[in-house]
Amino acid sequence: MAHTPGPLSVKRSKLSIDGEYDYAIYNERDRIIAEAYGRTSVNSRPDAHANALLFAAAPDLLEACKSVWDEIATIAVLPEGNNALFAEAVWPSVTNLADRKHLARALQTLRDTVRKVEGKP
């Protein structure tokens, strides 16, 4: 599964009839690949600009997550599973079991997020 690579950019696209701006997300060839709208219903108005910026940052965020994971993998053999051994493999100096569990959850979340984006279980 491939996604649109970055860099992506955001431009305010048009003022809608209700006074909210829509934002377009552009690829590096200056083509619109997505739009963020200034509303989802009559009573709900999400920040379309913030949503567009998050969308545009997604390729960079994914690469940052992969980079962190790769750096961690260079210093430790990472076992499967969400447990304290996972964190211990990365930072043996973390002696507090509760801290190891927190670190394990954070690393598991990072790995799960990258897998989700890549369409992996």
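## Exercises on a predicted chain

The charged end of Lys11 lies over the ring of Tyr26, at 4.5 Å from the ring centre. That geometry belongs to a predicted model, and the exercises below work through the same model.

### Exercise 1: Fold and confidence

Describe the order of helices and strands along the chain, and state which element has the lowest mean pLDDT and which has the highest.

Solution. Begin with the inventory, which comes to 3 helices and 3 strands. Reading along the sequence then gives the pattern β-β-β-α-α-α. Next, turn to confidence: the average pLDDT of the chain is 77, and 68% of the residues score at least 70. Broken down by element, the lowest mean, 54, belongs to helix 2 (residues 84–90), whereas strand 3 (residues 32–36) has the highest, 90.

### Exercise 2: Burial and surface

Determine what percentage of the 121 residues count as buried, and how much surface the chain exposes.

Solution. Of the 121 residues, 27% are counted as buried. The exposed surface amounts to about 8,100 Å², of which carbon and sulfur atoms supply 56%. A further step concerns contacts with a separation of 6 or more, 30% of which join residues 24 or more positions apart. Finally, a search for aromatic pairs returns a count of 0.

### Exercise 3: The nonpolar cores

Identify the residues of the largest nonpolar core, and find which element gives the largest share of this core.

Solution. The largest nonpolar core has 8 residues, namely Leu8, Tyr23, Ile25, Ala34, Ala36, Ala48, Ala52 and Ala56. At least two residues of this core come from each of strand 2 (21–26), strand 3 and helix 1 (48–75), and helix 1 gives the largest share, with 3 residues. To follow one member outwards, take Ala36: once residues up to four places away in sequence are set aside, Ala36 touches Asp22, Tyr23, Ile25, Ala48, Asn51 and Ala52. There is also a second, separate core of 5 residues, among them Ile72, Leu103, Leu107 and Leu110.

### Exercise 4: Leu110

Is Leu110 buried or exposed, and which residues beyond its sequence neighbours is Leu110 in contact with?

Solution. First locate the residue: Leu110 is part of helix 3 (residues 97–117). Its relative accessible area is 16%, and because buried means under 20%, Leu110 is classed as buried. With neighbours within four places in sequence left out, the contacts of Leu110 are Cys65, Val68 and Trp69. As a check on distance, the C-alpha atoms of Leu110 and Lys66 are 8.6 Å apart in space, although the two residues are 44 apart in sequence.

### Exercise 5: Backbone details and strand 3

Find which two residues a cis peptide bond joins, and state where Asp30, which has a positive phi, is placed.

Solution. The cis peptide bond joins Gly6 and Pro7, with omega at about 5°, and Pro7 lies in the segment before strand 1 (9–15). Asp30 is not a glycine, yet its phi is positive, at about 65°; this residue is placed in the loop between strand 2 and strand 3. The relative accessible area of Asp30 is 46%, so it is partly exposed.

To finish, consider Ile32, which belongs to strand 3. Not counting residues up to four places away in sequence, Ile32 touches Ala24, Ile25 and Tyr26. Between Ile32 and Leu8, 24 residues apart in sequence, the C-alpha to C-alpha distance is 9.6 Å.

Conventions
Residues numbered from 1 in each chain as written. Predicted model: local features only at pLDDT ≥ 70, side-chain atom pairs only at ≥ 80, totals over all residues. Heavy atoms only, no water. Helix = DSSP H or I, 4+ residues; strand = E, 2+ residues; numbered from the N terminus. Buried < 20%, exposed > 50% of the residue type's maximum accessible area, 1.4 Å probe, protein only. Contact = heavy atoms within 4.5 Å. Areas by Shrake-Rupley, 256 points an atom, 1.4 Å probe, with all protein chains shown as cover. Phe/Tyr/Trp six-rings, centres within 6.5 Å; stacked < 30°, edge-to-face > 60°. Lys NZ or Arg CZ within 6 Å of the ring centre and 35° of its normal. pLDDT = per-residue confidence, 0-100. Core = buried A, V, L, I, M, F, W, Y, C linked by side-chain atoms within 4.5 Å.
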